[in-house]
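Welcome, and thanks for opening the viewer. Could you walk me through this structure, telling me what to select at each stop and what is there?

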Amino acid sequence: MQSNENKGIASVIFSSSLGTLIEWYDFYIFGSLATIIAKQFFPEEQGTAALLSTLAIFAAGFIVRPFGALFFGRLGDIIGRKSTFLLTLVLMGGSTFLIGIIPGYKSIGILAPILVLVLRLLQGLALGGEYGGAATYVAEHAPANKRGLYTSWIQTTATLGLFVSLGVILLTKMSMSNEDFVSEWGGWRYPFWVSILLVVVSIYIRLKMKESPLFSKLKKEGKTSTNPLKESFTHKANLKMVLLALFGAVMGQGVIWYTGQFYAQNFLETKVNLDFEQSRTIVLWAIAFATPFFVVFGALSDKIGRKWIMLLGMLLGIITYRPIYATFLAKGDVATTAATDAVIGDVVVKRDIIKGKADSLITTTYVKQNAAGIKYKEVHADTLKVATGELALAKVVYNEKSLPSSTYWMFIVLVFVQIIYVTMVYGPIAAFLVELFPTKIRYTSMSLPYHIGNGVFGGLVPFIATLITSFKGTDALSGLWYTIGVAGVCFVIGAIYLDNAKDDNVND
Amino acid sequence: MNSLKKSLGIIWILLGPAAIFFLAQQAYTKVGEAYAKADALTDAAAKAAANDIALNSLLQWGIIILIFVPIAFGLVIFGKYAMQGDYNKLPHSSAEITDY
C-alpha cells in the first residue's frame, strides 16, 4: 500500500517537473541565443526591428509573465490545475518550435521580428501560468510533513532547465563550425526544434495525470471560486498575504536567484572577459553540483520551517556577494602584468579604413600567458591619422581569457556557493507560497507574487546593475548594490513580519 | 515586536514613491542624454541611428516605470496595512483569509 502511494506521488512529481523543466528550457534558449537571434531577426541598423527586440526582451519578462500568472491562475482556479498547465505546456512548446522555423529578416523582412515578438510574448504568457500550476498540483498531493521535500523537485526545474539549455546549445555549437552555427538556417535553430520532441513526450505523460484531489473535492462540493481575481486581490485579508509574500520573500528570492545563475555568468563573460566556453562551463559545473541542495533545503524546511532557511540564503548573499565578485576580478586580472607577460602565439595585425573617414584602424592582437597561467588575447585598436601620420593609441582590451585549472575550479566553487544561496531561497518557496493561500484561489494568489518577484525584480538584475555602473564614481562591483538592496529590504520585511510556523492543513 | 511592525509601516509607505521618483529621474536623465547625443550629430545616418537608440531607451524606461508603478503602489498598501496592525497576527487557517 505504502509502495503504491510512493509510486503515485513519484509519478505526480515526475510528470509535473518534466513539463516545468521543458518550459524553462524553452524560455532560456531564447535568452541564451539572444545575440544570434538579434542578428537574424532584429538587425540593429533597422530601427523598427531593434524596437521590437526591446519589446521581446523586456515585455516578455516583465509585463507578460505577471499577466500570464493572472490569466492562467484564474483559469486554474476555475477549471482545474491539470487542464491549465497542460495548456501552458502546449502554448510554450508550440511557440518555441515556431520561433525555430521562422525565416530570418533577410528573407521575409519586418514580418520576421513581428512573428518572433508575438511568439516570445506567448512564451512569457505560458511561463507565467506554468509554475503556479505545477507547484500547487504537487503540493496538493503531498502529505503535510513532506510538502517542502516534494515541491522542491519542482524548484529544481528552473535551474535544470538552464542547465539543459546551456548543454544543448554548447553541444550543438561544438559539433559544427561557428559559421554553420550562426547562419540563417544554422545550428542555433536545433535547440528550438528539439523542444517539440520534449513537449510531445511531456504532454503524453501529463495527459495521463489526474486532477489534484483537493481541487476535485472542491469542485464536487461546488465550492470553487467564481471570480478568483476578485477574491485574491480585492479582499483585504488575502491581499495582505499576497503583498507579504511578495515583499517579505519572493522579491529577495528573485534577485538572489538571478544573481547566482545569470549575473554570475554575465559578469564572468563581460567584466572578467573569460572565453565563451569557460564562462558557460563554470556555471554548468556549479549548477550540476548545487542542484541536489534544492531537495535538501526543501526537506529541511519540513523539519525547521521555511522562513529562516530562505532568509539565511538572502543574508549570506548580502554579506558575501561583493567579496566573491571582487575575487573574480582579482583572479582574472591580467592588466597589471600584461606588459611583462610572454607572447605565446603569432601577432596578428589588421588594418581597416574607418567608415566615412580617410583614417585607418590598426588592430594588433597578441596571444599572451601570464605567470598565473591565464592565456588571453591583448587587443590594441589604434587609429592611424592620414593627415598627420600620427598613431593615436586607444585603450587596450584583454579578452578571451582562458583560466588555468586551479583558478577555473576556484571560480566553479564561487559560483557553486552562489547557487547554494539560490537553493536556500528557492527550495522551500513553493511550499511556503502554497501554505499561504486557500485552495480555491491558490493558483491565482501564489502565481502573481512569484512572477513579479522573479520576472520583474529578478529579471531587472542585469539592466539595473548596468545602470548603476553608469553612475559617476562606480566600479565593476557597484551593480551588485541592486541585488544587495532589494534582498536587504526583503530580509528585514521577512524577518519581522513572516511567521516560521508551517500550515499543516492546506486542504481548506 | 508589534509596535516595530507598525512603526516600520511608514518606511514602506515612503519607499514606494521614493523608488518611483528615483526611476523617473533616471529615465529622464538617461533618455535625455540619448536624445542630446543624437542632436549633437551632424551625419544624417549616424543621427538616425542615434535617434533609434534614444527611442529604444525611451521604450525600455517606459516599460520599467509602467510595471513598477503598481508594485510601488502595492508597497504603499503594505505599509498602510502594517501601520494599521494587520500583520500583528498572521492567519493560521484559510477561514481567516476568506473572510468575505
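## Stop one: a strand residue

Please select Glu400 of chain A, whose place is in strand E6 (residues 396–402) of chain A. Keep in mind as you look that this is a predicted model. The phi angle of Glu400(A) is near 45°, a positive value in a residue other than glycine. Is Glu400(A) buried or exposed? Glu400(A) falls in between and is partly exposed, because 17 other C-beta atoms lie within 10 Å, and a residue needs 20 or more to be buried or 12 or fewer to be exposed.

## Stop two: a loop with positive phi

Now move to Asn273(A), in the loop between H12 and helix H13 (276–290) of chain A. Here again you can check the backbone: phi of Asn273(A) is near 65°, a positive value in a residue that is not glycine. Asn273(A) counts as partly exposed, since it has 17 C-beta neighbours inside 10 Å.

## Stop three: along H16

Next, pick Ile420(A), which sits in helix H16 (residues 405–426) of chain A. With 19 other C-beta atoms within 10 Å, Ile420(A) is partly exposed. Which residues does Ile420(A) touch, not counting those up to four places away in sequence? They are Ala290(A) and Phe293(A). Then draw a distance from Ile420(A) to Tyr398(A): the two are 22 residues apart in sequence, and their C-alpha atoms are 31 Å apart in space.

## Stop four: the nonpolar core

Colour the nonpolar residues for this one. The largest nonpolar core has 154 residues, and Val138(A), Val425(A) and Leu433(A) are those with the most contacts inside it. Helix H12 (residues 236–270) of chain A gives the most to this core, contributing 19 residues. Centre the view on Val425(A): leaving aside neighbours within four places in sequence, its contacts include Gly252(A), Gln253(A), Ile256(A) and Trp257(A), as well as Met310(A), Gly313(A) and Met314(A).

## Stop five: H12 beside H17

Keep H12(A) on screen and add helix H17 (residues 429–436) of chain A; the two axes come within 11 Å and cross at roughly 175°. That angle is over 145°, so H12(A) is roughly antiparallel to H17(A). To see the contact, show Met241(A), Ala245(A), Ala249(A), Val250(A) and Gln253(A) from H12(A), together with Ile429(A), Phe432(A), Leu433(A) and Leu436(A) from H17(A). How do the residues of the contact of H12(A) with H17(A) divide? Eight are nonpolar, one is polar and none is charged.

## Stop six: H6 across H18

For the last helix pair, select helix H6 (residues 111–139) and helix H18 (residues 442–458), both of chain A, whose axes come within 9 Å and cross at roughly 125°. This makes H6(A) oblique to H18(A). The crossing of H6(A) past H18(A) is right-handed. From H6(A), show Gly128(A), Tyr131(A), Gly132(A), Gly133(A) and Thr136(A); they meet Arg442(A), Tyr443(A), Met446(A), Ser447(A), Tyr450(A) and His451(A) in H18(A). The residues of this contact between H6(A) and H18(A) comprise four nonpolar, six polar and one charged.

Finish by zooming in on Ser447(A), in helix H18 of chain A. Ser447(A) is buried, with 31 other C-beta atoms within 10 Å. Beyond neighbours within four places in sequence, Ser447(A) is in contact with Ala69(A), Gly73(A), Gly128(A), Tyr131(A) and Gly132(A). Of these partners, Gly73(A) is 374 residues away from Ser447(A) in sequence, yet 6.4 Å away in space, C-alpha to C-alpha.

Conventions:
Residues are numbered from 1 along each chain as its sequence is written. Chains are lettered from A and ligands numbered from 1 in the order in which they are written. This is a predicted model: local features need pLDDT of at least 70, side-chain atom pairs count only at pLDDT 80 or more; totals for chains, interfaces and linings use all residues. Axes are lines fitted to C-alpha atoms, for helices over the stretch in contact, and angles run from 0 to 180 degrees between N-to-C directions. Helices (H or I, at least four residues) and strands (E, at least two) are DSSP runs, numbered from the N terminus. Angles under 35 degrees count as roughly parallel, over 145 as roughly antiparallel, 65 to 115 as roughly perpendicular and the rest as oblique. A crossing is left-handed if the near helix is turned anticlockwise from the far one by less than a right angle, and right-handed if clockwise. Two residues are in contact if their C-beta atoms, placed from the backbone, lie within 7 Å. Ala, Val, Leu, Ile, Met, Phe, Trp, Tyr, Cys and Pro count as nonpolar, Asp, Glu, Lys and Arg as charged, and the others, Gly among them, as polar. A nonpolar core is a set of buried Ala, Val, Leu, Ile, Met, Phe, Trp, Tyr and Cys residues joined through C-beta atoms within 7 Å.
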